[in-house]
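Me: Could you take me through one part of this protein slowly, starting at the very end of the chain and working inwards? I'm new to this, so please explain the terms as you go.

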Amino acid sequence: MKLLFVVVLCAGLNLCYAQQKITFGYDTAGNQINRTLCLSGCAAKPSKDVKEIEAVTDQDLEKFFAEDVISYYPNPVKEELYLKWQLLDKNQVLSIMVYGLNGQLLRSYSQTEGTNTQNIAFQEYTRGIYMVVLNYKNGDPKTIKVIKQ
């Protein structure tokens, strides 16, 4: 019985001294922007480099489905979301609306007729989930869920 108690005690102490790591991320002004707690053997995640809008290729753009005509980059977004859509059958995008998860309209873009791209600034928004709604001329809206980091 004493031997079993000693083995359980040693195993418990070994788990207490397992690798624990806290990492902090800071912006250029020295403000803490993230904190990560790693318990016991966490591997570092590879960071996904965000490209400038001019460097975005069609392979970088995400689509809902393979046959969809709306593409966007990046998601999750930190500063700016790039939208691109195709104008099929003269069906133009009349407006783009950005909604918070509570349903509040945060921003609206209405000068989108004749264009097929739009940059949406997300710098001023807090972290969370947002809905971007594209309203088409035929009355068919398309909604994109965007995560702001």
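Reply:
**The tail end and what it touches**

Gln-149 sits in the segment after β10; strands are DSSP runs of E, at least two residues long, and helices are runs of H or I, at least four long, all numbered from the N terminus. This is a predicted model: local features need pLDDT of at least 70 and side-chain atom pairs 80 or more, while totals for chains, interfaces and linings use all residues. Residues are numbered from 1 along each chain as its sequence is written, and side-chain values use heavy atoms, without hydrogens or water.

So is Gln-149 buried or exposed? It falls in between: with 39% relative accessibility, Gln-149 counts as partly exposed (buried is under 20% relative accessible area and exposed over 50%, using a 1.4 Å probe and protein chains only). Skip the neighbours within four places in sequence, and Gln-149 is in contact with Pro-76, Val-77, Lys-78 and Arg-127, where contact means heavy atoms within 4.5 Å. You can also pick out Ile-129, 20 residues away along the chain, with its C-alpha atom 9.0 Å from that of Gln-149.

Follow the contact to Pro-76 and you land in the loop between β4 and β5. The peptide bond joining Asn-75 and Pro-76 is cis, with omega about 10°. Pro-74 lies in the loop between β4 (70-73) and β5 (80-85) too, and the bond leading into it from Tyr-73 is also cis, with omega near -20°.

Now go back to β10, the strand that Gln-149 follows. It belongs to an open sheet of 4 strands, ordered β7-β6-β9-β10 with antiparallel pairing (two strands pair if DSSP finds at least two bridges between them). β10 (141-148) and β7 (105-109) are the edge strands: each has a single partner, so one side of each has no neighbour in the sheet. Further in, β6 (residues 93-100) and β9 (residues 128-136) run antiparallel, paired over 7 bridges. To find one of these yourself, look for Met-97, whose bridge partner in β9 is Val-133.

Next, have a look at the ring-bearing residues. Phe-122, Tyr-125 and Tyr-130 are linked into a cluster by ring pairs; rings of Phe, Tyr and Trp (its six-membered ring) pair if their centres lie within 6.5 Å, and planes under 30 degrees apart are stacked, over 60 edge-to-face and the rest tilted. The structure holds 3 aromatic pairs. One of them is Phe-122 with Tyr-125, edge-to-face at 5.4 Å centre to centre and 80° between the planes. Phe-122 and Tyr-130 have ring centres 5.8 Å apart and planes at 70°, so they are edge-to-face as well. Phe-122 is buried, at a relative accessible area of 0%, and Tyr-125 is buried at 12%. Tyr-130 is buried too.

For a contrast with the partly exposed Gln-149, try Gln-118 in strand β8 (residues 117-121). Gln-118 is buried, with a relative accessible area of 16%. Beyond four places in sequence, it touches Leu-81, Tyr-82, Leu-83, Trp-85, Ile-96, Tyr-109 and Thr-112.

Finally, zoom out. The protein chain has 1 helix and 10 strands, and the helix comes before the strands along the sequence. Of its 149 residues, 26% are buried. Among contacts between residues at least 6 apart in sequence, 44% join residues at least 24 apart.
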